[in-house]
Amino acid sequence: MVNYLLLITAQLDNLTDFQPQGGCDDPNFTYYFKLKCGNCGEVTQKETCVSLSETVPSTKGKGEVHLAQKCKFCSREGTITMITGHGRPLTYEDSEAAKFAPLMLFDCRGFEPVDFSFGSGWKAESIDGTKFNDIDLSGGEFSEYDEKGECPVMISEVRAMFNVAK
Ligand SMILES: [Zn+2]
């Protein structure tokens, strides 16, 4: 069993507190990524999606997990369980310093998560406090105009990585 911490960063222009719509442990936020088999090294072609609110019985008979899947190539079974309480919003200061913010911890058995994709369901706030909801980043960018702060706001250069957590 290995835990992988998902970290994200982005270029935030006049925005801060970039995070899932319902906060970092949003039960309905969907995470999209691919799986690399720990046995044969095959990477799934299709993206897997998991969310905190959806669980399945573990194939190994130990309670509920967020994903249970078989490698299409070698048939090895793997599971993923999400562990809450590890995320925080990405701030304007993080963005300026090119720092990553942790988002979610994944307990992975048999698979390694790779290639996280930014989908929809994000939110952020302008420096002047205007809230921007239901941001869709599947196209990689978001731009709007903050009427209150009278300035353009933008999210671009989104990047993510999975780090092995000790
Ligand atoms: Zn495999």
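Cys40 has a relative accessible area of 34%, so this residue counts as partly exposed; the class lies between buried, under 20% relative accessible area, and exposed, over 50% (1.4 Å probe, protein chains only). The model is predicted: local features need pLDDT of at least 70 and side-chain atom pairs count only at pLDDT 80 or more, while totals for chains, interfaces and linings use all residues. Residues are numbered from 1 along each chain as its sequence is written, and side-chain values use heavy atoms, with hydrogens and water left out.

**Zinc site**

Cys40 (SG) coordinates the zinc ion together with Cys37 (SG), Cys71 (SG) and Cys74 (SG), at 2.3 Å. Donors are N, O and S atoms within 2.8 Å of the metal (3.2 Å for Na, K and Ca); water is not among the atoms, so sites may look incomplete. The site is tetrahedral, with angles of 105 to 114° among its four donor atoms. Four donors count as tetrahedral if all angles lie between 85 and 135 degrees. The ideal angle for four tetrahedral donors is 109.5 degrees.

The spacing of the donor residues in sequence is C-x2-C-x30-C-x2-C. Cys40, in the loop between strand S3 (31–37) and strand S4 (48–50), and Cys74, in the loop between strand S7 (67–70) and strand S8 (77–83), are 34 residues apart and link distant parts of the chain. Strands are DSSP runs (E, at least two residues), numbered from the N terminus. Cys74 is also partly exposed, at 27% relative accessibility.

**Three-stranded sheet**

An open, antiparallel sheet is formed by three strands in the order S2-S11-S12. Two strands pair if DSSP finds at least two bridges between them. S2 (15–20) and S12 (131–135) are the edge strands; each has a single partner strand, so one side of each is left without a neighbour in the sheet. From one strand to the next the twist averages 15°, an angle between lines fitted to C-alpha atoms, on a scale from 0 to 180 degrees between N-to-C directions.

S2 is joined to S11 (residues 122–126) by four bridges. Among the partners, Leu15 is bridged to Ser126 in S11, and Pro20 stands opposite Trp122. On the other side of the pairing list, S11 and S12 share three bridges, with Glu125 partnered by Lys131 in S12. S11 and S12 form a hairpin with four residues between them, and Gly129 in the turn has a positive phi of about 95°.

In a regular strand the side chains alternate between the two faces of the sheet. In S11, Trp122, Ala124 and Ser126 make up the covered face, and Lys123 and Glu125 the uncovered one.

**Positive phi in the edge strands**

Most residues other than glycine have a negative phi. Two aspartates have positive values instead.

| Residue | Strand | Phi | Relative accessibility |
|---|---|---|---|
| Asp17 | S2 | about 50° | 27%, partly exposed |
| Asp134 | S12 | near 50° | 58%, exposed |

**Thr9**

Thr9 lies in strand S1 (residues 2–13) and is buried, at 2% relative accessibility. A polar atom of the Thr9 side chain lies 2.8 Å from the backbone oxygen of Lys99. Not counting residues up to four places away in sequence, Thr9 touches Leu90, Lys99, Phe100, Phe118, Glu157, Val158 and Arg159, where contact means heavy atoms within 4.5 Å.

Definitions and conventions. Four donors count as tetrahedral if all angles lie between 85 and 135 degrees; four count as square planar and six as octahedral if opposite donors are over 155 degrees apart and all others between 65 and 115; anything else is irregular. A polar contact is a pair of N or O atoms within 3.5 Å; within protein, one must be able to donate a hydrogen and the other to accept it, and residues adjacent in sequence count only if both atoms are side-chain atoms.
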